[in-house]
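This report covers a short run of strands and the loops that join them. Consult the sequence and structure below while reading.

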Amino acid sequence: MAMSKAVLLGNGVVVAGFSPSGAVQPRVIPGGAVVWRGERIVAVGTEAELRRQFSDAEFLDACGGLILPGLINLHHHFYSALACGLDPGTTLSNFTDVLDRLWWRLDRALDFEAVRLSAQLSVADCIRWGCTTVFDHHASPSCLAGSLDAIADAVEAGGLSAVLCYEVTDRNGRDQARAGIEENLRFIRQQSGHPRIRGVLGLHASFTLRDETLAEAAKRRPEGAGCHIHLAEDPVDVKASRQAFGLRPVERLERFGLLDDRCLLAHGIHLEPDEYVNLARKNAVLIHNPESNANNAVGRLDVMEAANHGCLVGLGTDGMSSAMLRALRAAFLVHRAGRRDPSSGFKALPDLLFNNAKVARRFFDEPLLGELAQGAPADLIVVDAPPPTPIGPENLFSCLVYGISEAPVRHTVARGRLLLEDFRHRTLDPNQLAARARQLTPALWERFGALKSGTNFLGD
Ligand SMILES: [Zn+2]
């Protein structure tokens, strides 16, 4: 095999990683450059030095922008891509309505083509906003078996890394719950050696899962495979779990042995202090989704409080968008608005993106994922935000939330492959995808309109 040519990305400011507060700070290198060969980064340093060292490397121009590690999204729903502009035709007056009258009708209306197209559109959006690793949570009860393969194909074609799962639930009956478990297990095994696309066990939420389903899922879960579940997004999860099973959601997960360091818990808003302590003790992962929580008016996770109890808190978008830097800015603004304190937001929140990298490493055999360092996978982006003010490790977070988060992404590189070059997609064609989606969506929305709401949480 011919040795692939080195690529030198220069003329920018390198930010080698996101900082954990109070610990080692990331390197910020003005006039910096990154060199990769094949899928791996081979050097990070000043451009002058690296140009001497790699004189025959191909040059990629960052045009003065910021060179960052590829972003990571811990909670997404690709299947929601065709819901934009959809009129539910009824009032959504609480969280249960949002699920029952919107999402649980949309997911049942999906066919394979809609699943595939939604995934392709979402993957293109991830690329557009510089996300190179994404954790998706999928549901399509009318085309369940094989749906994760359709999504994996889109991820593969786009060039991203992903951790996929199917949402197991009892709300569509016992057979569907079993089929969901099978789809997860099949996919986890099939992908176990894959370098970029892995499976975990997807679960909807405590209040739509019967004991026997949780027990079966826990028993059959392969060693080391994590689970990905919604937790206390709304008080209904807590209340209904207590009512039906006599336990709060965290206690139920613990009882079935599902709480461990690969347990991904989206939201975690309506928990009590002892539950945060419990999650921290198990090293489980809480995922903050500020934009989605605001949209559903379900309250907000107090990231600082959860972190003060020792919880590891990461960041996701919950299908609202694929723009992680914008989600970080939303987390910051929602935090301040909630606290009514203009001095707050600089504790715990700067850790979110750093924690995302820490979490993603648990699911791939990549100890350097999420940073720019020699030997790390060549997952990197250029944000088109030439810094107008001094930038360093000490003010990186404030530069991110006040400026950089609003800028478009110029280049997205994943495993050394250019997916977006000078704002243009190289692997997927979003215009073509949008055109196909416009043809397909009316039929999808028509199927949606014909479906009834009124689903029982635990099936009939
Ligand atoms: Zn979600």
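## Model and terms

Strands here are DSSP runs of E with at least two residues, numbered from the N terminus. The model is predicted.

## Strand β16 and its partners

β16 spans residues 409-414. It is mostly covered, as 6 of its 6 residues are buried.

β16 pairs with two strands. Strand β15, residues 380-383, runs antiparallel to β16 and is joined to it by 4 bridges. The pairing of β16 with β17 is likewise antiparallel, and it extends over 3 bridges. Thr 412 takes part in both: its bridge partner in β15 is Ile 381, and in β17 it stands opposite Leu 420.

## The hairpin turn at Arg 415

β16 and β17 (417-421) are linked by a loop that contains Arg 415. The two strands form a hairpin with 2 residues between them. Arg 415, in the turn, has a phi near 45°, which is positive although the residue is not glycine.

Is Arg 415 buried, exposed or partly exposed? Arg 415 is partly exposed because 19 other C-beta atoms lie within 10 Å, while a buried residue needs 20 or more.

## The loop after β17

Phe 423 is located in the loop between β17 and β18, the latter being residues 424-425. Its phi is near 70°, again a positive value in a residue other than glycine.

Phe 423 has 12 C-beta neighbours inside 10 Å and therefore counts as exposed; the cut-off for that class is 12 or fewer.

Note on methods: Residues numbered from 1 in each chain as written. Predicted model: local features only at pLDDT ≥ 70, side-chain atom pairs only at ≥ 80, totals over all residues. Pairing = 2+ DSSP bridges.
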